[in-house]
Amino acid sequence: MATIYTYRAANVRKTWMMMSMFLVFIVFVGWVFAQAMETPVVLYVAVAVAIVMNTASYWWSDKLVVAMTRAKEVSFKDAPDLYRVVENLAIAGGLPTPKLYVIQDPAPNAFATGRDEKHAVVAVTTGLLGRLGRTELEGVLAHELSHIGNKDMLVSTITVVLVGIIALLSDFFLRWMRFFGGRGSRRGDGRVQAVFLLLGLVLALIAPLVASLMRLAVSRKREFLADASGALLTRNPEGLAAALLKISADPNELRSANHATAHLFFANPFKGKDAVSFMTKLFMTHPPIEERVRVLREMGK
């Protein structure tokens with residue numbers, strides 16, 4: 001019989017299996033481009049640039065996101081109930097108590113960010129504090145603390161780096177084709193070279209989209225993992241399931257959210273037309289609420 005522990009272990013396996021597939025895909029794309037261009041240098045340069053760019057954003061992620069969402073830091077004196085809940089969950093999870101922030105917004109939601117456990121931030125909206133009961137609030141905060149404990153910011157940064165590598169490789173290859181017309185040194189069989197050029201052109205066009213979709217798939221798996229870890233932390237999957245249903249039924253759209261920060265929030269911050277648009281569905285960062293609730297309730301059986 002499946003338990004909270006087996007769900008958590010399964011999500012860990014699935015995440016790292018997808019990460020491995022992502023790495024294999026990048027190696028394959030880089031190899032094809034190197035064969036077509038008859039030089040491996042482009043792969044080395046793309047890897048170096050992507051790592052430098054994305055490591056910088058990872059290092060200052062907490063400050064950037066707090067500024068973008070206009071969250072305000074609160075102390076124990078400002079929000080004693082919130083502080084106690086987070087502190088108790090952090091102790092139960094073996095984590096330092098993160099900095100706490102509140103966003104003045106009627107839409108119930110929350111997020112966690114920060115490069116590691118010692119520099120973590122948890123933010124909640126005033127709507128979340130006003131709408132949820134104690135057990136529901138514990139479920140949401142346990143989910144967010146699980147993101148910190150599971151090092152999801154690190155995993156997210158790694159996947160962004162991988163997407164960046166693919167984008168740089170594809171852009172460089174297309175520019176090379178435009179300026180040089182695929183003319184290389186023509187060593188070896190010309191027909192084999194032509195096949196690599198054609199394959200490289202196809203990959204240059206579709207690889208960035210494939211890489212982005214793989215990154216989003218990893219993100220959705222991390223949400224399932226945070227749900228399972230949060231339920232394990234509170235020993236109450238139903239509290240988290242009830243919070244998801246209540247948040248999804250709320251009509252308010254989070255005013256401070258945008259597509260750059262949407263993946264950080266506990267639930268999809270967009271409502272109405274934005275929530276059902278083709279682009280939003282295609283690039284969903286969260287699993288459907290119904291599926292998350294179903295899995296949580298199966299854990300509680």
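## Arg70 and helix α3

Arg70 is exposed, with a relative accessible area of 55% (exposed means over 50%, buried under 20%, partly exposed in between, with a 1.4 Å probe and protein chains only). Arg70 sits in the loop between α3 and β1 (72-74). Helices (H or I, at least four residues) and strands (E, at least two) are DSSP runs, numbered from the N terminus. Arg70 is not a glycine, yet its phi is positive, about 60°. Most residues other than glycine have a negative phi.

This is a predicted model: local features need pLDDT of at least 70, side-chain atom pairs count only at pLDDT 80 or more, and totals for chains, interfaces and linings use all residues. Residues are numbered from 1 along each chain as its sequence is written, and side-chain values use heavy atoms, with hydrogens and water left out.

Arg70 comes just after α3. In this helix (residues 61-69), Ser61, Asp62, Val65, Val66 and Thr69 are buried. Seen down the axis of α3, these buried residues fall within an arc of 120°, so they line one face of the helix. The arc is that of the directions from the helix axis to the C-beta atoms. Lys63 and Ala67 are exposed on the other side of α3. An α-helix has 3.6 residues a turn, so residues three or four places apart point the same way.

## A second arginine with positive phi

Arg235 also is not a glycine and has a positive phi of about 60°. Its place is the loop between α8 (190-234) and α9. Arg235 is exposed, at 56% relative accessible area.

## Helix α6 and its packing

Helix α6 covers residues 134-149, 16 in number. From first C-alpha to last it reaches 22 Å, close to the 22 Å expected at 1.5 Å a residue (the expected span is 1.5 Å times one less than the number of residues). α6 is mostly covered, with twelve of its 16 residues buried. Among them are Leu137, Leu141, Leu145 and Ile148. Just after α6, Lys151 takes a positive phi of about 55°.

α6 packs against helix α9 (residues 237-249) at an angle of about 95°, with the axes 7 Å apart. That makes α6 roughly perpendicular to α9. Axes are lines fitted to C-alpha atoms, for helices over the stretch in contact, and angles run from 0 to 180 degrees between N-to-C directions. Angles under 35 degrees count as roughly parallel, over 145 as roughly antiparallel, 65 to 115 as roughly perpendicular and the rest as oblique. From α6, the contact (heavy atoms within 4.5 Å) involves Thr135, Glu136, Gly139, Val140 and His143. From α9 come Gly239, Leu240, Ala242, Ala243, Lys246 and Ile247.

## Two buried sites

Asp250 lies in the loop between α9 and α10 (273-276). Asp250 is buried, with a relative accessible area of 4%. Leaving aside neighbours within four places in sequence, Asp250 is in contact with Pro106, Ala107, Pro108, Arg131 and Lys271. The C-alpha atoms of Asp250 and Gly127 are separated by 9.6 Å, at 123 residues apart along the chain.

Val29 lies in helix α1 (residues 4-37). Val29 counts as buried, at 0% relative accessibility. Beyond neighbours within four places in sequence, Val29 is in contact with Ile166, Leu203 and Ala207. Its C-alpha atom and that of Ser170 are separated by 8.8 Å, and the two residues are 141 apart along the chain.

## The chain overall

The protein chain has twelve helices and four strands. Buried residues make up 48% of its 301 residues. Among contacts between residues at least 6 apart in sequence, 74% join residues at least 24 apart.
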